[in-house]
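Please open the model in a viewer and keep the sequence panel visible. The tour below proceeds by selection, one stop at a time.

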Number of protein chains: 2
Amino acid sequence: MSLYLRCLGELESAGRETVSSKELAGKFSISSALVRRDLGLFGAFGKAGVGYEVKSLKDALMSKLGLKRAWKVAIVGAGRLGLALARHKGLTQSKFKIVAIFDKAPERTIAKRDSGFEVLHVADLPRTVKERGVELGIIAVPGANAQEAADTIVRAGIRGILNFAPTHIDVPHGVFVHHVDFTIYLENLAYYVNEASHQKGHSVDRGGRD
Amino acid sequence: MSLYLRCLGELESAGRETVSSKELAGKFSISSALVRRDLGLFGAFGKAGVGYEVKSLKDALMSKLGLKRAWKVAIVGAGRLGLALARHKGLTQSKFKIVAIFDKAPERTIAKRDSGFEVLHVADLPRTVKERGVELGIIAVPGANAQEAADTIVRAGIRGILNFAPTHIDVPHGVFVHHVDFTIYLENLAYYVNEASHQKGHSVDRGGRD
DNA sequence: AAATGTGAAACATTTCACAGCT
DNA sequence: AGCTGTGAAATGTTTCACATTT
C-alpha cells in the first residue's frame, strides 16, 4: 500500500502537518477504520484527537517499504519502450535510478540517434550488474525474448523484475515479478465500459462513506 | 479475470481441445474449485469427466468480456512513451486498435523523424473521436498535463481511460480509469526483495496446491 | 471535541468435500 | 475413473461501534 505514501508526499509538499484517518480514507473511498488498521501494521503513530503527523508517518512508511535509500535498476531492451521508460519522469524523479540499459544489438538501437544513452550488450550484463550493484530489472523486450531476458538477469543475481513483455515469465522461487500487461488493462476497461452501456445507471464506485 | 482468456489462447494455439479446472488452477497457483466457480459465473460449460472445451470456453469468455469485436483507442501524448505504446506488439496484435494519436504540439514530436505516425493536434480531438468512433483513451502526457488531457477526452465522450501519467486523475462518475504507475510497481518489488533479504527462507508464493 | 486503536460483527473470497454426470 | 458444480466450512478483509487518549 504505497498509495498512502504517494498521498503523504502530496500533503507534505502542500505544507500540511497532520492528517486524520478520515481524510486519507476519503481519498481512496475506503473507511477510516481500515486506514487506521493499515497504518497500525507499521507500528501505530497517530495521536488521538489530532491524527497522524504527516512527516513522521511518511518517514515510517518509507522505512518499512525499504525506500529510505535509492534502488539501482537496469533495463533490458533498448527499443522504443525501454528508452521511453528510461526517460520517464515518474521514474527519473523517484528513488529508482536507471544505471544501465542493455540490448542484444546495441549498435542498432535508436539510442544512437536519440539522446545518447549508453546501451550495453547483454553479454556485459552479468559483469555490469555486479559492478554497479543493480538490484531490480525491467524487461522491455519483445515477448519472444522475454523468458531469455528473465533467465539472464536472474542468473546475474537480480531478484525483482518488472516485466513489460506481453508474456508470462517463469522465475525460480525467491524472485519476484510484476507483470505489466497493457492489453489486460484495456480488456478490463472494455469490460466496464461495455457493462455500463448495457445496464444504464450501473456504478462501480459505490460512493463515499464515513 | 481475463487472465483465463490469455491462457486459453495459448492452449488453443498449442492445439489443445479440452482443459480441466485442475490444469488451469495449476497455472495460477489457485485451487481447481475456484476455477470452476469463476467459470461458472459465465454460465457453466464444463463436461463432467472431461473438462472444458477450450474453443467454446474462450468464445464464451470473449463474449462476456466484450471482446468479440475490435475496440478503437486513441492515445493522447506523442512523446516517447505514447509512440512506444502505439507500436507495442502486445497492443498491435490485440483487439485494441490505435486509430489516432494526439499531442499539444504535433509538429514538435519525434513522430515526424520517426516512423511517420500521423499525430493530430488536441484541438482536433473532439471531432476525430466522433468521426472515428474512438471508445477508449490512453493518457501518455507528463503528469502536469494529465488532468487536462483527461478532461478533454471525457468531454469528447470517452468512458474508459488508461492513465500512464504519474498522477491521479479525477473523472466524473461513470468513467473508468486504470492507473499504470511504474513507480508503485517498483516500490512493491523493492519491498518484497527487501523483506526476502531480511527474513531468509521467507516465501510469498505458498507453493502448489491440489 | 476530535481523533485513535481495537474487539466483535459483517461481508467477501477461497477451499474442502462430495453428490452426481459422462 | 475422472471430472464438474455446489453446499458448507474455513479463511481473509472491511466495517461498525465504542472505550480511551489528547
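A polar contact is a pair of N or O atoms within 3.5 Å; within protein, one must be able to donate a hydrogen and the other to accept it, and residues adjacent in sequence count only if both atoms are side-chain atoms. This is a predicted model, in which local features need pLDDT of at least 70 and side-chain atom pairs count only at pLDDT 80 or more, while totals for chains, interfaces and linings use all residues. Residues are numbered from 1 along each chain as its sequence is written, chains are lettered from A and ligands numbered from 1 in the order in which they are written, and side-chain values use heavy atoms, with hydrogens and water left out.

**First stop: DNA strand C**

Select A:Gly46, where a polar backbone atom lies 3.3 Å from a phosphate oxygen of DNA strand C. Next, select B:Arg37: a polar side-chain atom of this residue is 2.8 Å from a base oxygen of DNA strand C. Then display what surrounds the strand, where a residue is near if one of its heavy atoms lies within 4 Å. There are 20 such residues around DNA strand C, and the closest are A:Ser21, A:Arg36, A:Arg37, A:Tyr52 and B:Arg37. Of the strand atoms within 4 Å of the protein, 51% belong to sugar and phosphate. Colour the helices (H or I, at least four residues, taken as DSSP runs and numbered from the N terminus). The largest share of the surface near DNA strand C, 4 residues, is contributed by α3(B).

**Second stop: DNA strand D**

Which residues are the closest to DNA strand D? They are A:Ala48, B:Ser21, B:Arg36, B:Arg37 and B:Tyr52, among 20 residues that surround the strand. Select B:Arg36 to find a polar side-chain atom 2.5 Å from a base nitrogen of DNA strand D. At B:Gly49, a backbone N or O atom lies 3.1 Å from a base nitrogen of this strand. Here α3(A) gives the most to the surface near DNA strand D, with 4 residues.

**Last stop: the two protein chains**

Select chains A and B together. A rotation of 180° with 0.0 Å of shift along its axis superposes chain A on chain B, with an RMSD of 0.1 Å, by least squares on the C-alpha atoms of residues with pLDDT of at least 70 in both. That is the relation of a two-fold axis. The same surface serves both copies, as 100% of the contact residues of chain A recur in chain B; contact means heavy atoms within 4.5 Å.

Terms used:
Helices (H or I, at least four residues) and strands (E, at least two) are DSSP runs, numbered from the N terminus.
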